[in-house]
Amino acid sequence: MKIKADYANSPVWKEFNVKSTLPEELQCLDELAHNMWWVWNYDAREMWRSLDEDLYEQVAHNPVMLLDRLSYERKQEIVKDKAIMKNVKAVYKHFRSYMDVKPDAKRPSVAYFSMEFGIHNSLKIYSGGLGMLAGDYIKEASDSNVDMCAVGFLYRFGYFKQSLSMDGQQIANYDAQNFNSLPITRTLDENGNQVVVDVPYMNYQVHALVWQANVGRVKLYLLDTDNDMNSEYDRPITHALYGGDWENRLKQEILLGIGGILTLKKLGITKQVYHCNEGHAALCNLQRLVDNIKEGLTFQQALEVVRASSLYTVHTPVPAGHDYFDKDLFGKYMGGYPQMLGLSWNEFIGMGRTNPDDDNERFCMSTFACNTCQEVNGVSMLHGWVSQKMFAPIWNGYFPEENHVGYVTNGVHFPSWCATEWRKVYDKYLKKGFYDDQSNESLWHGIYDCPDAEIWETRMALKNKLVKYIREKFAENWLKNQGDPTRVLSLLDRINPNALMIGFCRRFATYKRAHLLFTDLERLSKIVNNPERPVLFFFSGKAHPADGAGQGLIKRIYEISQRPEFLGKIIFLEDYDFQLARRLVSGVDIWMNTPTRPLEASGTSGEKAEMNGVVNLSVLDGWWVEGYRQGAGWALKQERTYENQGYQDQLDAATIYGMLENEITPLYYDKNEQGFSEDWIKVIKNSIATIAPHYTMKRQLDDYYDKFYIKLAERSAAVNANEYQMAKEIAQWKETVAERWDTIKVVSSDTSVIVNGAETGKSYKIQYVIDEQGLNDAVGLELVSLKNDQDPSDRRVKRVVPFELVKTEGNLYTFECNFEVNHAGNFKTAVRMFPKNEKLPHRQDFCYIKWLD
């Protein structure tokens, strides 16, 4: 017989897992790896690097993966290395001394809800500024030792990784995360099983696994629906940030809000304040309403309880940026809630409408948040005013500047974003205790004691570090995607760290105006190719996959960057992520921002630059309205010159060109014998000393406590005391006033001065007699005046003068307003009647208004 030349059956492969173990001497490293405290402690990061520098880079600075991939032999070598072991013990001791401090019981406890958190590149649960802010916030909560927990999602794919095609088209790549390789742990119940939260959706439940990221002293609970308990339709709820259609977005917001509260409830966690970071989490208040009603409260009583402990932070400057849901889609998932609340469907959906009775208006999460939170805030001084105007229709009868919407200007977590090189400078020249009192400007003035040469050496070290990072990280991708290898190598060689380097790096939305610099290419070419004063521009950022205009901007910039005159002078760096951001905000000389006014709610990348001696060049919008100091950066004025946006763009572009040509580059290149510009160093020092201290996350967190958390906790305690006595009293009072409001009438009035006019320097009196229908001093009156020459779309209150109650006779209350006229002119005046109760936190809490004849 003939023997076959080849004969083999198919292999029977079986899973064979080899678990990485640590020697007893290194067991502490597992605890350290699973607490993201190492993100902002450079001694810990250097310790991880010392274990295996090449591997540390390969795993993108993820210590969990580092420990998993360390060979058995290397671990034994580490145990025998006295220097490394000494460092390991020192870092762990530092960590334990940090962790063992008990939370500050004097400050209210907080539960913080956000759709995204930017903590480290290894945990891809963020997309941009909102997530970075939330991540920085809980890091600072840990450093400030406050009692806070947070709730978010564990995304399977996170946000996309960006690459560019050969013609500059953005390509979105989604890579699945292996949760077992992340610096997170499973949240376990008392039996050692992973906690599962059952979240109601229509007539079925979605089952969310609960994970936790330990962020220093703060626990961040992360919900995950990508598991076998859920159907193929519900597993993708936590697949991607802002992915899918509007139905999936609603499912996500149900999970974050309702599921978030159910998670805390299952874990036995209650807090004094509940903070919604954007409207995505607004439904947390719906679940809290349901829970309070189940305890025996009426809807109105429950609303008093929930409102008193709730804060909503808005990051969006335009109504179109909020989430709206059609009533049919909203009803599909939320139709069972009115019965649980004791409301009709129209009453329930009306809580998310500016006009509750408009059946054509969609349900808005932000409006629902405003109606269920006692406090609302924007994220900069200017954005606070923008938000007052944006939400004013919810509280009809009050002008925007009269409503209660406040602001806390965003900040950044200093230890996360300050480069190690600068940390060492600050340790050397700023006073002891600086890290515990970062927002104290006087402490930052120590930077003036630092020699100019040392400032310059630090800046050059970081510039060279950026260039080295770009050459190492991007060479392979560019060679693969951009064709001609000689062209790529030429580009890399042309990156000149001695040039004036300017960064424009942020989300590519059209209002950010990334195109502005390219308005006059001939003039731009002269600027970047000046042989004596070269300028180099770095662009980086992602456009949302559904934003064609933003992607078009990226393609346009890439095309320009490939032209011979701009090659190596204008560079687009793809896949803007945590690591690249750290290099850029510390490595360039100028951070440029050119948003359309006033569409930048705050912005924080420029604040990160401030911590690293990088100077801002920006439109006066967002945080820079407050931050700009003359001699510490450059600003394009806040006011618009043209209504036509195209004309305004041309003017702003010309202004930027002029600043670069006549101010910025001459200053930068006015170098002394030591090779640096003394006047440029002055700008850096002024920037660090006078701007940076006001934009730390420490200041932001303190502001939230001072402006919102403390008063919410105090009022909430009063409302809840004695089995909710105050909540019940206020609810009853509001119901009574609401029932009788339309029957309150004017019995008589004397308003002759309004009819006949007045003269300056004289005193006048207006009188009203009001029948309060048995409400017992429940109303107040005030005279409201407006300037008559104002734009009707932007009228501001000129003056508000309260009436005094001067006589009571049964149900009749006599009010008088005595006032002096000090300014001549033409005014509009009216008398406003409103409900009055000293237990209300502000007027918008019970917004009933009647304008009297």
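Helix 7 is mostly covered, with 13 of its 15 residues buried. In this predicted model, the helix runs from residue 129 to residue 143 and reaches 21 Å from its first C-alpha to its last, which is close to the 21 Å expected at 1.5 Å a residue. Just after helix 7, the backbone at N145 takes a positive phi of about 60 degrees. In general, an α-helix has 3.6 residues a turn, so residues three or four places apart point the same way.

Beyond this helix, the nonpolar interior was examined. The largest nonpolar core holds 169 residues, and those with the most contacts inside this core are L29 and W48. The element that gives the most to this core is helix 28, spanning residues 697–740, with 14 residues. When neighbours within four places in sequence are left aside, W48 is in contact with L29, L32, A33 and W38, and also with Y56, P63, L66 and L67. A second core, separate from the largest one, has 100 residues, among them L443, M460, A543 and I688.

Cysteine residues were considered next. A search of the whole structure for disulfides finds 0. Two cysteines can nevertheless be described by their surroundings: C28 has a relative accessible area of 16% and is therefore buried, because buried means under 20%. For C817 the relative accessible area is 0%, so this residue is likewise buried by that cut-off.

Conventions. Residues numbered from 1 in each chain as written. Predicted model: local features only at pLDDT ≥ 70, side-chain atom pairs only at ≥ 80, totals over all residues. Heavy atoms only, no water. Core = buried A, V, L, I, M, F, W, Y, C linked by side-chain atoms within 4.5 Å. Buried < 20%, exposed > 50% of the residue type's maximum accessible area, 1.4 Å probe, protein only. Helix = DSSP H or I, 4+ residues; strand = E, 2+ residues; numbered from the N terminus. Contact = heavy atoms within 4.5 Å. Disulfide = S-S within 2.5 Å. Expected span 1.5 Å × (residues − 1).
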